[in-house]
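Please open the structure in the viewer and keep the selection panel at hand. The stops below are given in a suggested order.

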Amino acid sequence: DGIEHPAGAPAEAARLHQDEACVSPPRFLAPAAGASARFSVTLRRSFAPPALFESLTAREYLSLVAALHRMPQEEAARQIERFTTFFDLDQETIAKKPLSAFSKGMRQKVVITAALLHGPRVIFFDEPLNGLDANTALSVKTLITTLARERRTIVFCSHILDVVERLCERVVILHKGRVIADGTAAGLREQYGDASLEMVFNRLTGTENLLERAEAFGRALGQ
């Protein structure tokens, strides 16, 4: 399953991550019963954070994430190598350069790796394609849809609604802290009579005559 909504703000994604009630756990997870069971469920979830410990190297940071998820060192090393190879990050770079020296796209690759490293069943992404080049973005979109087919739950927060429309099985639109639409992209387009999810979103949340105002402003700039 995939649940997507254009909330966008990292704080909103973090709040959803903390709210266990917002996503039904997979059937094979036992209900939380006491602190140890609750911690076990938490370990099976993941949130891709918007910030990194920039004084660390990528390997140090990912090793820290693995340790926090109680991954054995050998398994963590194998997973780190698998992900860095997938993202074309060379071993010297991840071992020697601090994250502060990474480009925005390289940092995003590390963030995504950190979110997926321990094999979580529920994954929260906030604008995961931000800063990625076109080929890497295509790879990540394919990775996300494949994980969803493998019965992982993906919560994908984004303002890029054409990506949401192509990628998601279910769309939830939030506005001022409230759910104002919930359904498939095709169902929402049909319900509101719009040609795209972007137009549905604008109808429900946008400024009146937004497109006309943008066109008039563009013509004024061209004079």
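Is Tyr61 buried or exposed? Select Tyr61 in this predicted model: its relative accessible area is 6%, so Tyr61 counts as buried, the limit for that class being under 20%.

**The nonpolar core**

Keep Tyr61 displayed and add Val110, Phe125, Ile154 and Val171. Within the largest nonpolar core, which comprises 46 residues, these five touch the most other members. Next, colour helix α6, residues 104–116. This helix supplies the largest share of the core, namely 6 residues.

Remain on helix α6 and select Ala115, which lies in it. Ala115 has a relative accessibility of 1% and is therefore buried. Now add Leu62 and draw a distance between the two C-alpha atoms: Ala115 and Leu62 are 53 residues apart along the chain, and their C-alpha atoms are separated by 9.7 Å.

**The aromatic pairs**

Return to Tyr61 and display Phe53 as well. How many aromatic pairs does the structure hold? There are 2. In the pair formed by Phe53 and Tyr61, the ring centres are 6.1 Å apart and the planes meet at 55°, an arrangement classed as tilted.

For the other pair, select Phe86 and Phe87. Their ring centres lie 5.0 Å apart with the planes at 70°, and the pair is edge-to-face because an angle over 60 degrees places it in that class. The two partners fall into separate accessibility classes: Phe86, at 40% relative accessibility, is partly exposed, whereas Phe87, at 2%, is buried.

**A nonpolar patch on the surface**

Switch to a surface representation and select Phe53 again, this time with Leu64 and Leu68. Together these residues form a nonpolar patch on the surface, with about 310 Å² of accessible area. Phe53 thus takes part both in this patch and in the tilted pair with Tyr61. To place Leu68, colour helix α3, residues 58–68, in which Leu68 is found. Leu68 has 59% relative accessibility and counts as exposed, because the value is over 50%.

**The cysteines**

Finally, select Cys157 and Cys168. Which of the accessibility classes applies to Cys157? Cys157 is buried, at 1% relative accessibility. Cys168 is likewise buried, with a relative accessible area of 10%. A search of the whole structure for disulfides finds 0.

Methods. Residues are numbered from 1 along each chain as its sequence is written. This is a predicted model: local features need pLDDT of at least 70, side-chain atom pairs count only at pLDDT 80 or more; totals for chains, interfaces and linings use all residues. Side-chain values use heavy atoms; hydrogens and water are left out. Patches are made of residues with over 30% relative accessible area and no salt bridge: like charges are joined within 9 Å, nonpolar side chains (Val, Leu, Ile, Met, Phe, Trp, Tyr) within 5 Å. Accessible areas come from the Shrake-Rupley method with a 1.4 Å probe; for residues, only the protein chains shown count as cover. A salt bridge is a side-chain nitrogen of Lys or Arg within 4 Å of a carboxyl oxygen of Asp or Glu. Helices (H or I, at least four residues) and strands (E, at least two) are DSSP runs, numbered from the N terminus. Buried means under 20% relative accessible area, exposed over 50%, partly exposed in between (1.4 Å probe, protein chains only). A nonpolar core is a set of buried Ala, Val, Leu, Ile, Met, Phe, Trp, Tyr and Cys residues joined through side-chain atoms within 4.5 Å. Rings of Phe, Tyr and Trp (its six-membered ring) pair if their centres lie within 6.5 Å; planes under 30 degrees apart count as stacked, over 60 as edge-to-face and the rest as tilted. A disulfide is a pair of cysteine sulfur atoms within 2.5 Å.
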